[in-house]
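This report walks through one protein model, beginning with a single charged side chain and widening out to the sheet and the core. Please keep the sequence and the structure in view while reading.

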Amino acid sequence: MYYSEIKEYDIANGPGVRVTLFVSGCTHHCKGCFNEMTWDFEYGKQFEDEDIRKILKLLEPTYIEGLTLLGGEPMEYHNQQGLLPLLRRVKKEYPNKTVWCYTGYLYDKDILENFCSKWDETKEILSYLDVIVDGEFVEELKDITLQFRGSSNQRIIDVKKSEKAGKIVLWQS
């Protein structure tokens, strides 16, 4: 897996101060995407163990709320495989830090109904996620007043509460 950037202090992609990993590789190619260069699966740098160690160190301060995964597309199968070692370590070492994931895929239709039935990695990744912001960015629905999302079709889903309820439960700030 490749990544374009590790942001040390991010306040735009989830609550509080967060560490953000921008993975490379996306097949959605949304019109008006703010991060087109990350469509290429080999853009940026190869994600290695030293990057995992760096992220874990950045998560150490108590004022860091958690980790956010963006892209590109974290839920592309190739990226899921690359993210699993990181997520395992984050949840082991920082069980109280939240993990957010932005995906153009729909949580219910694509991830639960399709990916989970095909790939064990998807089920494991979901076990580490607290919130998913789902849905492709739609330029015609762009709204800069929305919190933590770019277009009004996107949903902020509380993964843990959704699992317990057996239906989508939206995240409440």
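## A buried glutamate

In this predicted model, glutamate 73 is buried and yet has no salt bridge, since the nearest side chain of opposite charge, that of arginine 155, is 12 Å away. A salt bridge would need a side-chain nitrogen of Lys or Arg within 4 Å of a carboxyl oxygen of Asp or Glu. Glutamate 73 belongs to the loop between β4 and α2.

What does the side chain of glutamate 73 reach at 2.7 Å? The table lists two partners.

| Side chain | Partner | Distance |
|---|---|---|
| Glutamate 73 | Side chain of threonine 103 | 2.7 Å |
| Glutamate 73 | Backbone nitrogen of glycine 104 | 2.7 Å |

The one with the side chain of threonine 103 is a polar contact, and the other goes to the backbone nitrogen of glycine 104. Leaving aside neighbours within four places in sequence, the residues in contact with glutamate 73 include Val23, Gly25, Cys26, His28, Asn79, Tyr102 and Tyr105.

## Unusual backbone angles

Most peptide bonds are trans, and most residues other than glycine have a negative phi. The peptide bond from glycine 71 to glycine 72 is cis, with omega near 20°, and glycine 72 is placed in the loop between β4 and α2.

Two residues that are not glycines have a positive phi. For histidine 29 the value is about 55°, and for phenylalanine 148 it is near 60°. Histidine 29 sits in the loop between β2 and β3 (45–46), while phenylalanine 148 sits in the loop between β6 (131–134) and β7 (155–158). Are these two residues buried or exposed? Histidine 29 counts as partly exposed because its relative accessibility is 43%, whereas phenylalanine 148, with a relative accessible area of 12%, is buried.

## The sheet

Seven strands make up an open sheet with mixed pairing, in the order β3-β1-β2-β4-β5-β6-β7. Which strands lie at the edges? They are β3 and β7, each of which pairs on one side only.

Strands of a sheet pair through backbone hydrogen bonds, and they may do so in the parallel or the antiparallel sense. Both senses can be followed here: β4 and β5 pair in the parallel sense over four bridges, with leucine 67 standing opposite valine 99 in β5, whereas β6 and β7 pair in the antiparallel sense over four bridges. In that second pair, aspartate 134 has arginine 155 in β7 as its bridge partner, and arginine 155 is also the residue named above as the nearest opposite charge to glutamate 73. β5 is mostly covered, with four of its five residues buried.

## The nonpolar cores

The largest nonpolar core has 37 residues, of which Leu21, Ile55, Leu67, Leu69, Leu86 and Leu129 touch the most other members. Both strands and helices contribute to this core: β1 (2–10), β2 (17–23), β4 (64–70) and β5 (98–102) each supply at least two residues, as do α1 (49–59), α2 (77–93), α3 (107–118) and α4 (120–128). A second, separate core has nine residues, among them Phe22, Tyr102, Val131 and Trp171.

Leucine 69 gives a closer view of such packing. Apart from neighbours within four places in sequence, leucine 69 is in contact with Leu21, Pro74, Leu83, Leu86, Leu87, Val99, Trp100, Cys101, Tyr102 and Leu129. Tyr102 is thus a residue that can be traced through several parts of this report, as a contact of leucine 69, as a contact of glutamate 73 and as a member of the second core.

Methods: Residues numbered from 1 in each chain as written. Predicted model: local features only at pLDDT ≥ 70, side-chain atom pairs only at ≥ 80, totals over all residues. Heavy atoms only, no water. Core = buried A, V, L, I, M, F, W, Y, C linked by side-chain atoms within 4.5 Å. Buried < 20%, exposed > 50% of the residue type's maximum accessible area, 1.4 Å probe, protein only. Contact = heavy atoms within 4.5 Å. Lys, Arg positive; Asp, Glu negative; His and termini not counted. Polar contact = N/O pair within 3.5 Å; in protein donor to acceptor, adjacent residues only side chain to side chain. Pairing = 2+ DSSP bridges.
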